[in-house]
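Colleague: Please take a close look at one part for me, the contact between the chains. Then work outwards from there. Short sentences, please.

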Amino acid sequence: MSVMIGLEVHVQLNTESKLFCSDSVDTRNKAPNENTCPICLGFPGSKPKLNKKVIDYALMTGLALGCRIPEESFMSRKIYFYPDLAKNYQISQYESPLVGEGYMNLPDLKIRIRRIHIEEDPAKLVHVGGDITSAEYVLIDYNRSGIPLMEIVTEPDFTTPKQARQFLEKLSSILEHLNVYDASKEMSLRVDANVSINGGERIEVKNITGFENVEKALNFEIIRQSGMARMEVKIEREVRHFDAETGTTKGLRKKEYEEDYGYVFDPDLPIIKVDRAWVEKIKSSMPELPDQRVKRFTSQYKLNEYTASVLIYTDKHLADFYEECCKLYKDPIVVANWTTNELQKSLNWRSERINDSKVKPKTFVELLELIDSNVITERYAKELIKEYVDTGTSPKELAKKSIVKLSKKDIESAVKQALDKNKKAVEEIKSGKTESLQFLIGQVLTLTKKQADPKEIKALILEMLKKQ
Amino acid sequence: MRGAREGSISAADSIKEAVAKSKEIQKKYSPFITINEKAEASRTKGRLYGLAVSVKDNICTKGLQTTAGSKILEGYIPPFDATCIEKIKNEGATIIGKTAQDEFGFGTFSVNTQLSIPKNPSDAERTCGGSSGGAGCITAAADFPHVAIAESTGGSITAPAAFTGTIGLTPTYGRVSRYGLVDYSNSMDKIGVLGNRVHDCALMLSIIAGHDPLDSTSSELPTEDFTKYLNADLKGVKIGLPKEYFSEGVDKRISKNVRDKAALLESLGAKCEEMSLPSTPYAIPSYYLIAVSEASTNLAKYCGLRYGLQKDITGNFDEYFTKVRTEGFGEEAKRRIILGTFARMAGFRDKYYFKALRIRATIIKEFKQAFKKYDALITPSMPVVPPKFSDIKNLTPLQNYYMDILTTAPNMAGMPTISMPVEKVDGLPVGMQIIADQFKEGNLIKIAHKFEVSA
Ligand SMILES: [Zn+2]
């Protein structure tokens, strides 16, 4: 079975103001429809005025993805009647996008970018009494109306859902490095995914948020479509909706073709001219990009490429955090291991991103220093980090509060206790059963609240057994 | 613009009188959709202090109903002033009312509306022209100092000026900000002026012109004091008479009256000669294609959801939108939405919409070429005298559209024009259209004023 996947990624750009008016793009803590004006409500007589910053951001993204930058482009009206559109048309780009063809390299795969264009975000619909297919009625919040969106369209070059996810993770990291979007904002990146199997009609799953969900939706679609193919049911061009709760997709409507929207040039907005000087200016102000940063990490911090990539592609701010820690702590490899493993695990557990968490470089390196100075064991540090991520309390304080590193005598008495309680295991060890040795080590660890070193425990057990 | 500004009466009294007289005129000729009952003299003693201004109803006026002649916008009170309204208020003008028009500007006789239909003060059984018919009507009927702000897409200032015997100035596209203008065809809509004296039009244009950051299509060229072109000399001015504008479709008596005026201008020092604009016949179809394509998208927003006409909410949104739009739009608006949607459709865009855009480019080139040689062109304004309402009813839509044969080309090319009254025919007003190159309104004022004082 051959699978073809293409993505359309809609990114809310974090400019200060909306695409065509001076309202803020930050709708958090705003009452519904508070963040609006006659322009983004499409009132009679109002006219759009293009926010130049949006062009800068799209050009930066285009350059980061090796895209062609046409000298001219223009805005068009895409006409369809839907209550989330203030004007019943969306100002978008059709014939002439701001940014042309480019590409992104993934491990073993090159994904072609078809185009990048800019458009306005529609209002938010709140479905009351059901979901999009079953709601009793709908409330409209135009706060979002007119927020600048950048749409990145790929060629159908993905053959697995996993690749699509990798692409999105890398794209998100690039956008964060460019500082053009805010990954922590809900709905700031939405994906329409096209899937077809065996060269058949393509199905579009619309408006998926979350990279994991994209992978899930695509997996579901491939299974669904291949099931249909096996049953010899014809697959028809269709738009589907992904339900994150059930991990399934539902049919919404027959897919219309792009040319059916009756596009016209938007006559309120002049042609956008991007001359060489503008492109050069943006090029010269481009920040370091993820791929360059991975290279730098391997040479500057002697990390392997895999660890560097994890740090940089998981979350740009995690890489920033890492670099801050390296300024405070001697061994970058130790910092990398702790950051990508234990710290990331604890953050994931709390569904937090480093920037929203209480973790700070200064306190984080304390933890590593406590291990170095033998105040706590590595194993205990792995316990302590959870409480640290939860509370943000300095590891030094946390270590002081709990029982710090046991004396050899304490461990010996724990071992003795364990041997006395588990006579059967002791016999088994003597008869050569190593699993029972592991069991006993576990028992001692429990008794010492995991503060003893397993190697030390093992040595002690064997020593005492010899004596018996 | 005498009266208050010259100190003979107080501004407060003159505005009160203008509103009272407007109400009388309304009873006879219905130029208004809304009369501003709360009209008050301004406290700003600017260049328009104490002047009564009427405003076409497709231009947004804060706190004053703005319908664009459409039932679908009945009751709509804009929360902001159009830029041109802000500018005239800052000069001390007072808005006395909103003038009648064809719905969204869709017409030549101001009859395509479910609201007010203005009657011609020369003969109440005849049209004032359109789509700015109310503006022409009140300008002709007002016996108090008054200037009208109006708008033209394909000839909507020239037509009423010609039919009511007033002066109509249509500026270059982009000269006056469109911010606050209810869109018909954004690439051709122009806010302009109707008045009874060239001076009034020149002064008003000087005030409303200029770049506006809120309208990206407004020109960044520095604005001018157009009154400086009054009382100029016509020596060395070259004027062309495009023969296509004096063709068979034009009433011969009108053509003759206009040619006579060309002779007058020659006697005043100008040099007139016949010339040709061969693309003229293509103007009407391409104008209508562009206009309806853009208009059909502009009208999409009217669906009874956010403002204007509202109905009981039943069914899904498609059903609701259909209900509101069926009732709110008149027949001509529906025709243009359907035509425009068709012209934009896949498979037809190339044949219609794009072709029309290419023809517009050709027409602009042809005008530009002509203006290398001529300072201005002179043509009749309208091919007929104002028709009777009873005759208009019998016109087919196509015959109707052909009434714009003399105005569409300069309008779609964005060239400024002025319509001046000339000798009447059958006792009915007739207009002469002067066309200049883009941003050369000065040439229009120069010629029109000399003509005004010599006629
Ligand atoms: Zn806004």
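Modeller: Start with the term itself. Buried area is the accessible area, found with a 1.4 Å probe, that two parts lose on being put together, summed over both. Keep in mind that this is a predicted model.

By that reckoning, chain B and chain A bury about 2,900 Å² between them. Carbon and sulfur atoms carry 60% of it. Chain B brings 38 residues to the contact, and chain A brings 36.

Now the charges. Three salt bridges are counted between chain B and chain A. One pair to look at is B:R178 with A:D268. Their closest N and O atoms are 2.8 Å apart. The pair qualifies as a salt bridge because the cut-off is 4 Å. These two residues also belong to a wider network of salt bridges. From chain A the network takes A:K47, A:R77, A:D266 and A:D268. From chain B it takes B:R178, B:D183 and B:D215. Over all chains, the structure holds 64 salt bridges.

Next, chain A on its own. The domain assignment splits chain A into domain 1 (3-280), domain 2 (288-402) and domain 3 (408-467). The C-alpha centres of domain 1 and domain 2 lie 34 Å apart. Domain 1 of chain A puts 10 residues into their contact, and domain 2 of chain A puts in 12. Together these two domains bury about 900 Å², with 60% of it on carbon and sulfur atoms. On the domain 1 side, three residues supply 60% of the area buried against domain 2: A:K170, A:E176 and A:H177. No other three residues there supply more. Two salt bridges cross this domain interface. A:K170 also pairs with A:D291 in a salt bridge, and the closest N and O atoms are 3.0 Å apart.

Inside domain 1 numbering, go to the zinc ion. Its protein donors are A:C21 (SG), A:D23 (OD), A:C37 (SG) and A:C40 (SG), at 2.0 to 2.3 Å. The donor spacing in sequence reads C-x1-D-x13-C-x2-C. A:D23 and A:C40 are 17 residues apart, and both sit in the loop between strand 1 (3-12) and helix 1 (52-64) of chain A. The angles among the four donor atoms run from 95 to 118 degrees, and the site is tetrahedral. The assignment holds because four donors count as tetrahedral when all angles lie between 85 and 135 degrees. A:D23 is buried at 14% relative accessible area. A:C40 is buried too, at 5%.

Move on to domain 2. A:R293 and A:D320 meet in a salt bridge, 2.7 Å from N to O. A:D320 lies in helix 7 (residues 316-328) and A:R293 in helix 5 of chain A, so the pair ties together parts 27 residues apart in sequence. The two ends are not equally covered. A:R293 counts as buried at 5% relative accessibility, whereas A:D320 is partly exposed at 24%. Helix 5 (290-300) is followed by a loop that leads to helix 6 (305-314), and A:K302 is found in that loop. A:K302 has a positive phi, near 60 degrees, though it is not a glycine. A:K302 is exposed, with 60% relative accessible area.

A:E366 sits in helix 9 (residues 361-372) of chain A. A:E366 is buried at 9%. Beyond its sequence neighbours within four places, A:E366 is in contact with A:S394, A:P395 and A:K396.

Last, chain B away from the contact. B:E332 and B:R335 meet in a salt bridge at 2.4 Å, N to O. Both lie in helix 9 (residues 331-344) of chain B, three residues apart, so about one helical turn separates them. B:E332 is buried at 9%, while B:R335 is partly exposed at 26%. B:E274 and B:R259 form another such pair, at 3.2 Å. This one links strand 10 (residues 271-275) to helix 6 (residues 252-267) of chain B, across 15 residues. One backbone detail remains. The peptide bond joining B:G130 and B:S131 is cis, with omega about 0 degrees. B:S131 lies in the loop between strand 5 (123-127) and helix 3 (133-141) of chain B.

Terms used
Residues numbered from 1 in each chain as written. Chains lettered and ligands numbered in written order. Predicted model: local features only at pLDDT ≥ 70, side-chain atom pairs only at ≥ 80, totals over all residues. Heavy atoms only, no water. Helix = DSSP H or I, 4+ residues; strand = E, 2+ residues; numbered from the N terminus. Buried < 20%, exposed > 50% of the residue type's maximum accessible area, 1.4 Å probe, protein only. Contact = heavy atoms within 4.5 Å. Donors = N, O, S within 2.8 Å, 3.2 Å for Na, K, Ca; no water. Tetrahedral: all angles 85-135°; square planar, octahedral: opposite > 155°, others 65-115°. Domains from an automatic or database assignment. Salt bridge = Lys/Arg side-chain N within 4 Å of Asp/Glu carboxyl O.
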